[in-house]
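Me: I would be grateful for a close look at a single part of this structure, followed outward into its surroundings. Please set out the position, burial and contacts of the residue at its centre, and then describe the spaces around it.

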Amino acid sequence: MTLATLLLADGRFPAGGHAHSGGVEAAVSDGRVHDIASLAAYVRGRLHTAGLTDAALAVATARRLDPDGTADPPRVVLRVLDAEADARMLAPPLRHASRRLGRQLVRVASRCWASPIWADVALAAPDGLHQACTWGVVGRVAGIDDGEVARLAVHHAVSTPAQAGVRLLGLDPFAVAGVLAAVQADGEAVARRAVVAGRGALHDLPAGTGPVVEIAAVEHATWDMRMFTT
């Protein structure tokens, strides 16, 4: 594991995830998440849906930005991958949050790794590149291999809702850390699947989601008071 991977996986890296709960705030409100066991079930479900989908998109982006990956200009590649990500998020609030997180990730990563690719990102997605695709860009610029790109996307997909559970329910942070450790084997398997999928055809990329999560995200966006953006 490279130092760049460790930096990007660090919860203190200012990528904007602290403002998002990965749907846990809505799940706490309607009772789907109320203790360690239900949080663990939620995290595991997210791993196999959004986690796999995001990781595969991240790998697909990184692969196609490789000089040997495609003959298309970077901005064309990014537009195509961004459209693939957009098609996999049905709820407008989730699309908005994904682009906001993408913008934040570009903002900090461009300070860490200088590259002409950031100009292409701005041209390809003026409103912000989806977060999953941005992980692919960052991975390529930082010199991280496909496996590490997939692991980063998986890590953030599960750690964001897990940490939100601590803040929303006052759960024992040691127990929540145990939840994340318990999904390690599954997380590695999902990352490997994402690498295989990301190297394949775009129309075969995973499109896992949770209908209840999508519906809850739309309702959550209407709340007058909330702790998290999503």
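Reply: Threonine 134 is a residue of helix α7, and the description below refers to a predicted model. Is threonine 134 buried or exposed? Its relative accessible area is 0%, and because buried means under 20%, threonine 134 counts as buried. Beyond the residues up to four places away in sequence, threonine 134 touches Gly102, Leu105, Val106 and Leu129.

Leu129 leads on to a second residue. Arginine 99, a residue of helix α5, is also in contact with Leu129. Which other residues does arginine 99 contact, leaving aside its neighbours within four places in sequence? They are Asp82, Asp86, Ala125, Asp127, Gly128 and His130. Arginine 99 has a relative accessibility of 18%, and because the limit for buried is under 20%, this arginine counts as buried.

The next residue along the chain, arginine 100, likewise belongs to helix α5. Arginine 100 has a relative accessibility of 38% and is therefore classed as partly exposed. Its C-alpha atom is separated by 6.5 Å from that of glycine 128, although the two positions lie 28 residues apart along the chain as a sequence separation. Once neighbours within four places in sequence are set aside, arginine 100 is in contact with His20 and Thr229.

Threonine 229 is placed in the segment after α11. At 22% relative accessibility, threonine 229 is partly exposed. Not counting residues up to four places away in sequence, threonine 229 touches Ala19, His20, Arg100 and His220; His20 is thus a contact of threonine 229 and also of arginine 100. The C-alpha atoms of threonine 229 and alanine 217 are 9.6 Å apart, for a separation of 12 residues along the chain.

Threonine 229 and alanine 217 also take part in the lining of the largest cavity. How many cavities of 30 Å³ or more does the structure hold? There is 1, and the volume of the largest cavity is about 80 Å³. Its lining consists of Gly22, Gly23, Ala26, Pro93, Leu94, Val213, Ala216, Ala217, His220, Thr229 and Thr230. Two elements, α5 (92-112) and α11 (211-220), give two or more residues to this lining. The largest share, 4 residues, is that of α11. Sorted by class, the cavity lining has 6 nonpolar and 5 polar residues, with no charged residues.

Gly22 lines the cavity and is also among the residues that lie nearest the centre of the largest pocket. The largest pocket holds about 990 Å³ of space. Its lining comprises 46 residues, and Gly22, Arg46, Gln131, His156 and Thr160 lie nearest its centre. Which elements each supply at least two residues of this lining? They are α3, α5, α7 (131-142), α8 (146-169) and α11, among them the helix that holds threonine 134. The most is given by α8, with 9 residues. The lining of the largest pocket divides by class into 19 nonpolar, 21 polar and 6 charged residues.

Helix α3, which spans residues 36-65, has a bend of about 40 degrees at leucine 47. Its N-terminal end is capped by aspartate 35, with a side-chain oxygen 3.4 Å from the backbone nitrogen of alanine 37.

Helix α8 contributes to a further pocket as well. The second largest pocket has a volume of about 380 Å³. Of the 18 residues in its lining, Arg151, Val154, His155, Gln184 and Glu188 lie nearest the centre. Two or more residues come from each of α1, α8, α9 (173-182) and α10 (184-198). Here too α8 gives the most, with 7 residues. By class, this lining has 10 nonpolar, 5 polar and 3 charged residues.

Aspartate 10 lies in the loop between α1 (3-9) and α2 (24-29). Aspartate 10 is partly exposed, with a relative accessible area of 25%. Aspartate 10 and serine 159 are 149 residues apart in sequence, and their C-alpha atoms are 10 Å apart in space.

Note on methods: Residues are numbered from 1 along each chain as its sequence is written. This is a predicted model: local features need pLDDT of at least 70, side-chain atom pairs count only at pLDDT 80 or more; totals for chains, interfaces and linings use all residues. Side-chain values use heavy atoms; hydrogens and water are left out. The bend at a residue is the angle between axes fitted to the seven residues ending there and the seven starting there. A polar contact is a pair of N or O atoms within 3.5 Å; within protein, one must be able to donate a hydrogen and the other to accept it, and residues adjacent in sequence count only if both atoms are side-chain atoms. On a 1 Å grid over the protein atoms alone, a cavity is a set of points where a 1.4 Å probe fits but cannot get out, and a pocket is an open set with protein on both sides within 12 Å along at least five of seven lines; lining residues have an atom within 4 Å of a point. Grid points are joined across faces, edges and corners, and a volume is the space filled by probe spheres set on the points. Ala, Val, Leu, Ile, Met, Phe, Trp, Tyr, Cys and Pro count as nonpolar, Asp, Glu, Lys and Arg as charged, and the others, Gly among them, as polar. Buried means under 20% relative accessible area, exposed over 50%, partly exposed in between (1.4 Å probe, protein chains only). Contact means heavy atoms within 4.5 Å.
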